[in-house]
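Trainee: Could you take me through one part of this model up close? I'd like to see how a single strand sits among its neighbours, and then what the rest of the packing looks like.

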Amino acid sequence: MSTTAPEVASAVAVVAKRLRDSESALVTDMATMMKSEIEHLDSDPKLVELLEASVHGNVSTIIHVLANDIPVDHLQPTTAAVEYALRLAQRDVPSNSLMRAYLMGQNSMTRHCFRLVEEMDLPADDTMAVTRHISDVLFGYIEWITLYVFQAYENERRRWLGAEGNVLSSTIHQLLGPGDPDGRAFEAETGYRLARVHIAVILWTADDDARELSVLDRAARDLAGRLRTDGPPIVTAIDRSTVWAWIPLGEGGRGVATAEGTPAFDLPSGVRAAVGLPADGIRGFRRSHEQAKAAYAVATMPGSSASPIVGFGDRGVAVVSLLAQDLESTRAWVREVLGGLADDTPGTATLRETLAVFFATKESHLHTAEQMNLHRNTVKYRVGKALAETPSHRDRLDLALALTVCEFLGPAVLAGESATP
């Protein structure tokens, strides 16, 4: 039975209702703050998505507790909060990053609640009672949830370090980390020779079923088997739905992936791949992986239309991966270049696609019509309408690049119908 005074519970319920009304914006602000302020939390689009889901689950639970005066010991942790802790453990993200996220979230939520209480203009004694109650609830919740997720983190970390296929993970991370890499120690530990050409690959599945790790490992080794390799690949699991791999290439292997594009490979159903460019030695081992990560970031952006296999050398991927690092500025630039063509509507999507093909075919109406299976007059009409939506001072290079950004990043850089330039 609740021991909260009725007048306090009533005022806290009002605060909870106002929190609910602004929940979406509150979650976005908190997740954005955590990503920008805490190292390691913004390194992967999939991690960012899971972070946002975790923040949403925690905020929603807190609002529910405040609104209904629910004891903390009656709660169950949200799936997203636990899964996020497990994923950080699998990726060797320090536990202090998780702790900072919860402390920052508690502080942000407390300040927001207190501001709402101030706006209610209650008598001083009531204000004190309400703020004290909210503070106790938030402290109790954070203490409870952090104990739970940290236990889950530690259990998963012990399990993950002992899991088959992950014994090389620490050694690989050391070679990829800052500072001068110790190539001899790496080779002695892994048996993988660095003085040759490597191509880095990231493979992942949307399905987080742990059984998929064996599928990903086999896919990496099958891929290596189809190439002119100079030995077996080195493969390590990053989390239960992602593996990193390096394939040593033999003579002629440089042509596997080039600045002109990445050839298509058969992958198991549901598996995707991001591929770097071939490169030599330790620096090449590291650089090809950086390129694969950049391609992976483009492929996993929410709303991205990237194909199942994305190569750093594929058209536009390298540039788009750089622009994706600052979505707010990129979104503003796309709007400035495309004008009304940056609206997120089916009609403008059709116009963008036609104009992009038109530029790719060196502004040939005939070739665009052939490629899109359209009548030439339809292409002329669409191209004219598309160009009419864009500011007249923009040159073709800016337009083509902005269209490529829209193609890969989709809704992340587009605006709704009501948006204004």
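Mentor: Start with leucine 203, whose bridge partner in β4 is alanine 273. Keep in mind that this is a predicted model. That pair belongs to a longer run: β1, residues 197–205, and β4 are antiparallel and share five bridges. Now look at the other partner of alanine 273, which is isoleucine 309 in β6. Here the sense is parallel, with three bridges joining β4 to β6, residues 309–311. So much for pairing; as for cover, β4 spans residues 271–275 and has four of its five residues buried, so it counts as mostly covered, buried being under 20% relative accessible area.

Next, the nonpolar packing. As a rule, nonpolar side chains in soluble globular proteins tend to be buried together. In this model the largest nonpolar core has 50 residues, and the ones with the most contacts inside it are Leu19, Leu66, Leu98, Met109 and Ile134. Helices α1 (6–21), α2, α3, α4 (79–90), α5 and α6 (124–161) each give two or more residues to this core, with α6 giving the most, eleven. Apart from that core there is another, of 49 residues, which includes Ala295, Val310, Leu355 and Leu409.

For a close-up of the 50-residue core, try isoleucine 134. Leaving out residues up to four places away in sequence, isoleucine 134 touches Val12, Val15, Leu66, Cys113, Phe114 and Val117. One of those, cysteine 113, sits in helix α5. With the same kind of sequence neighbours left out, cysteine 113 touches Val15, Leu19, Leu66 and Ile134. Its relative accessible area is 0%, so cysteine 113 counts as buried. If you want a sense of scale, cysteine 113 and aspartate 395 are 282 residues apart in sequence and 49 Å apart in space, C-alpha to C-alpha.

Then there's the empty space. The structure holds two cavities of 30 Å³ or more, and the largest has a volume of about 160 Å³. It is lined by 16 residues, of which Met34, Val55, Asn58, Ala101 and Tyr102 are the closest to its centre. Helices α2 (23–37), α3 (45–68) and α5 (95–120) each supply at least two residues of that lining. By class, the lining of the largest cavity comes out as twelve nonpolar, four polar and no charged residues.

Notes: Residues are numbered from 1 along each chain as its sequence is written. This is a predicted model: local features need pLDDT of at least 70, side-chain atom pairs count only at pLDDT 80 or more; totals for chains, interfaces and linings use all residues. Side-chain values use heavy atoms; hydrogens and water are left out. On a 1 Å grid over the protein atoms alone, a cavity is a set of points where a 1.4 Å probe fits but cannot get out, and a pocket is an open set with protein on both sides within 12 Å along at least five of seven lines; lining residues have an atom within 4 Å of a point. Grid points are joined across faces, edges and corners, and a volume is the space filled by probe spheres set on the points. Ala, Val, Leu, Ile, Met, Phe, Trp, Tyr, Cys and Pro count as nonpolar, Asp, Glu, Lys and Arg as charged, and the others, Gly among them, as polar. Buried means under 20% relative accessible area, exposed over 50%, partly exposed in between (1.4 Å probe, protein chains only). Two strands pair if DSSP finds at least two bridges between them. A nonpolar core is a set of buried Ala, Val, Leu, Ile, Met, Phe, Trp, Tyr and Cys residues joined through side-chain atoms within 4.5 Å. Contact means heavy atoms within 4.5 Å.
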